[in-house]
Amino acid sequence: MTKFKRFWMYAFLTAAAIISIFPFLWIVISATNLSKDVSNGRLLPGSQLITNLHHLTQQINLGQALWNSARIAVITTVLALLIASLAGYGFEVYRSKTKDIVFNILLLSMMIPFASLMVPLYRMFADFSKTVPFFGVDTVSSVILPTFTTAFLIFFFRQSSKMFPKELLEAGRIDGLSELGLFFRIYMPTMKTTYAAGAIITFMSSWNNYLWPLVVLQSPEKRTIPLLISNLGSSYSPDYGMIMAAIVISTLPTALVFFLMQKHFVAGMTGSVK
Amino acid sequence: MKNQSAARLRLNSRLTGWMFIIFAVIMICAFYFYPMIQALILSFKTGTGANMHFNGVDNYKRLFTDKVFLTALKNTCIFLIIQVPIMILLSIFISVLLNDSKLKFKGFFRTAIFLPSVTSLVAYSVVFKYMFGTDGLVNLALTKLHLISAPIQWITDPFWAKITIIIAITWRWTGYNMIFYLSGLQNIDHSIYEAARIDGASAFRQFRSITIPLLKPIILFTSITSTIGTLQLFDEVMNITQGGPGNATLSISQYIYNLSFKYTPNFGYAATVSYTIVILIVLLSIIQFKVAGDRK
């Protein structure tokens, strides 16, 4: 490759990287500046982080929203990984023609837009409100139940199971493990990277989910992080510094999850896309 | 005797198999397929709350005369036709550059470009709204660089508002799609390129005749998921422009939300509008499969 081409290659990638990172830098810098400095375009770190955090704690209950989001995201992730990996394993290890048909039907659900599920789901949970306690509109379960099983994750686990060495199962059977024991004792520990990647995907999408919680959660004290940020962002005279501080705090959990598990994530994704 | 026990064993193993998948099947049926059928029934009904009654195809007839719906449909199609190809090409291009074996700082570039996919749609939308505000950072920078004389109305002009949404979505999703291409490229044997180079194929020729055909399944996958995503666009328009100015960026999902939860609830008609997305997704996916399948 010529030097000229090489130069443009680095120039392009550097520009792409700067464009990708800049908004993050801006949020972090703005979280340390006063609102009027932010709107004047100040791009240097300031010393107002404490002031912004103080405003934040006075005006909104960020802790409550963080707790709400964390609880929903953790429960969703655990349930999603369990159900989807059981199914992905079942479809691959106990493969049969009928199961393949069922699998393809399940995949069709990926094509269903959430916008068309929203109204019937809302009506369903509104009915639950009258009959089943803790399952109606405005409850944690109403946010979790319709979102944790996704055909995507089942597909993801099935694809990854293709690389799982099936001889291990035979060995386990000879050792007298039950079929469920094989799954928990052999499959789960072997597929750690797949679980890690699945956990990242699920945790992030749950933490960031906006439309369904917006529809189903009504009391302010049950609001999740995205609802809170959206609310702050739509205020008529925004306190930029404070809002940026809130965004930094609310993005930290997903950023942490991502950076801690980045290696597994790329490895897991690579295994599934074939 | 032996045959009988073998048959029982097979039946047993088949039942165990179903045990593993039954929860997932129940959940998907209860929260995807059942509501879909409910929505279909609902789309032929009108009224509010418990007083819903059938009104035939009136809801569907209303679609064709509903100016707001037609605007939302048009907006969504504009986003789709312009944004998805730009993003797919950009992510293929970046991943090809990143796949160069001699490239330095590969990890840094990859992480940096993937970083936007870590943010929540709401958070980045709010940030983009501020950056692209009339007195926002983007206008400030462009004015300082003397590229523009008057600030661009990124949010409040019908044309520029669409551009802002397109820029925002492209920023958020290019890195995400890039990961799929990168993993696809890693599976391509390097010797194919070497052979091509010996045959005197130019870089562009190699890209067109080797990279693109081998990436076809992934191109299909990413274009279908991006199409489905764009057809369901909600968080960005809701938080950057709120569908404005004057419905210039209103998406179909947002219209459904407005019909069901913002205006006087009209669940029947909202369900009808939602079925147009279903039909669009099915149609576009079939087209994309056909286009990608033809050249195999």
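## Exercises on a predicted two-chain model

Of the 274 residues of chain A, 45% count as buried; the structure is a predicted model, and the exercises below work through its fold, one helix pair and the contact between the chains.

**Exercise 1.** Determine which secondary-structure elements chain A has and what its C-alpha trace spans along the principal axes.

*Solution.* Counting the elements first, one finds 15 helices and zero strands in chain A. Turning to the extent, the C-alpha trace of chain A spans about 70 × 70 × 35 Å along its principal axes. As a last step, take the contacts in chain A between residues at least 6 apart in sequence: 74% of these join residues at least 24 apart.

**Exercise 2.** Describe how helix H7 (residues 158-186) of chain B and helix H9 (residues 203-231) of chain B are arranged relative to each other.

*Solution.* Two packed helices are described by the angle between their axes and the distance between the axes. Here the axes of H7(B) and H9(B) come within 9 Å and cross at roughly 160 degrees. Because angles over 145 degrees count as roughly antiparallel, H7(B) is roughly antiparallel to H9(B). The crossing of H7(B) and H9(B) is right-handed. The residues making this contact include B:Trp173 and B:Phe180 of H7(B), together with B:Ile218 and B:Phe221 of H9(B); by class, the contact has six nonpolar, four polar and no charged residues.

**Exercise 3.** Characterise the side of chain A that touches chain B by its helices and by residue class.

*Solution.* Begin with the extent of the contact, in which 65 residues of chain A meet 69 residues of chain B. Helix H1 (residues 3-30) of chain A gives the most to this side of chain A, with 11 residues. Sorting the side of chain A by class then yields 47 nonpolar, 15 polar and three charged residues.

Terms used
Residues numbered from 1 in each chain as written. Chains lettered and ligands numbered in written order. Predicted model: local features only at pLDDT ≥ 70, side-chain atom pairs only at ≥ 80, totals over all residues. Helix = DSSP H or I, 4+ residues; strand = E, 2+ residues; numbered from the N terminus. Buried ≥ 20, exposed ≤ 12 C-beta atoms within 10 Å, placed from the backbone. Contact = placed C-beta atoms within 7 Å. Axes fitted to C-alpha atoms, helices over the stretch in contact; angles between N-to-C directions. Parallel < 35°, antiparallel > 145°, perpendicular 65-115°, else oblique. Left-handed = near helix turned anticlockwise from the far one by under 90°. Nonpolar A, V, L, I, M, F, W, Y, C, P; charged D, E, K, R; others polar.
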